[in-house]
Amino acid sequence: MRLTWLKVDPVGADPTEAKSGRAAVSKLFILILNLAGRLGSQSLLPPSDPEANSERTAAAPNGDQIPSGHFLTPPEEEADIAGIQYKTLRTLQHGVRVDGIAWSPETRLDSLPPVIKFCTSAADMKIRIFTSDLQDKNEYKVLEGHSDFINGLVFEPKEGQELASVSDDHTCRIWNLEGMQTAHFVLHSPGMSVCWHPEETFKLMVAEKSGTIRFYDLLAQQAILSLEAEQMPLMSAHWCLKNTFKVGAVAGNDWLIWDITRSSYPQDKRPVHMDQACLFRWSTVNENLFATTGYPGKMASQFQIHHLGHPQPVLIGSVAVGSGLSWHRTLPLCAIGGDHKLLFWVTEM
């Protein structure tokens, strides 16, 4: 396996401001990325039509403004990969600290005008849906209803006409784009993660801090299946898009993997972060590849990439005040936010 590491310092960042935890985030950077050279020109973060234009949008929370930038990485064959170029295209005001981001499948830059649509969860316990054409149209709608911090957001993956959220208020809520709640599930503990089935859009996965993961039928509006971690706190869970029979999570210091066709208990479990695990994300291109991060709030957050065919992590990194975790849509490339920086790891199998 080969590792390439890229670092990006967004415009306007103050490198002397080391932040941590929820207090860190109230500025949101929207970054238009184009990966060149051997990586090819592919989309980075938001899901979209595979045949669409290669430029897509990424986001890193870092304040109460939203500047946009264009990035170009040099070819992978070149030894020096420090020459990443970008420019600010548009700044949107957010007004309050950003805790999370989810992208709408309607986002695309190969249309005229381009469409940028995403939602955020914020420190005021509200959801905001932003829409921009990177020109004159810059709008947002506020969704209110949660009474505590929002831990997870996801758009319905096909049409993007609904979104789901989970919160410390022990609820999972489904919203339409007008801000109306179309479903409301009461949880037994804080909701930590929510995932929508990529094909069967009436199925939703909700992970609770108590260690239970439930699958809901949105048509019947009831739970149809549950998984048990048998340990807590469960901090993050993710549905494998390459194989929807697989679910992964981190709880305590361990990562856990389920095959939902075999058992409601984990088929595999290993210790991963001594300072408590925080995030789990499956690769979108390999059903055996996933990444985890250690708990944020320390000056260095550990980042690891794992392969189910290897007994040890295939990659270990460290990020100053790490936050967020995303995979490239078509390549084994992983992105994480650091202290006013975006960092990228590229692996080759």
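**A guided tour starting at Ser132**

Begin by selecting Ser132, which is buried, with a relative accessible area of 3%. The model on display is a predicted one. Ser132 lies in strand S8, a strand that covers residues 127-132.

Next, keep Ser132 in view and add Asn138 to the selection. The side chains of these two residues, Ser132 and Asn138, are joined by a polar contact of 2.7 Å.

Now display the other surroundings of Ser132. Which residues does Ser132 touch, leaving aside those up to four places away in sequence? They are Leu92, Pro114, Val115, Ile116, Lys137 and Asn138.

The cysteines make a suitable following stop. Select Cys119, which has 0% relative accessibility and therefore counts as buried, the limit for that class being under 20%. Then move to Cys278; its relative accessibility is 12%, so Cys278 also falls under the 20% limit and counts as buried. How many disulfides does a search of the whole structure find? The search finds 0.

Finally, clear the selection and show the whole chain. With a secondary structure display switched on, the chain presents 28 strands and 0 helices. Colouring by burial would concern 349 residues, of which 53% count as buried. A surface display corresponds to an exposed area of about 14900 Å², and carbon and sulfur atoms supply 48% of that area. A contact display can close the tour: taking the chain's contacts between residues at least 6 apart in sequence, 50% join residues at least 24 apart.

Definitions and conventions. Residues are numbered from 1 along each chain as its sequence is written. This is a predicted model: local features need pLDDT of at least 70, side-chain atom pairs count only at pLDDT 80 or more; totals for chains, interfaces and linings use all residues. Side-chain values use heavy atoms; hydrogens and water are left out. Helices (H or I, at least four residues) and strands (E, at least two) are DSSP runs, numbered from the N terminus. Buried means under 20% relative accessible area, exposed over 50%, partly exposed in between (1.4 Å probe, protein chains only). Contact means heavy atoms within 4.5 Å. Accessible areas come from the Shrake-Rupley method with a 1.4 Å probe; for residues, only the protein chains shown count as cover. A disulfide is a pair of cysteine sulfur atoms within 2.5 Å. A polar contact is a pair of N or O atoms within 3.5 Å; within protein, one must be able to donate a hydrogen and the other to accept it, and residues adjacent in sequence count only if both atoms are side-chain atoms.
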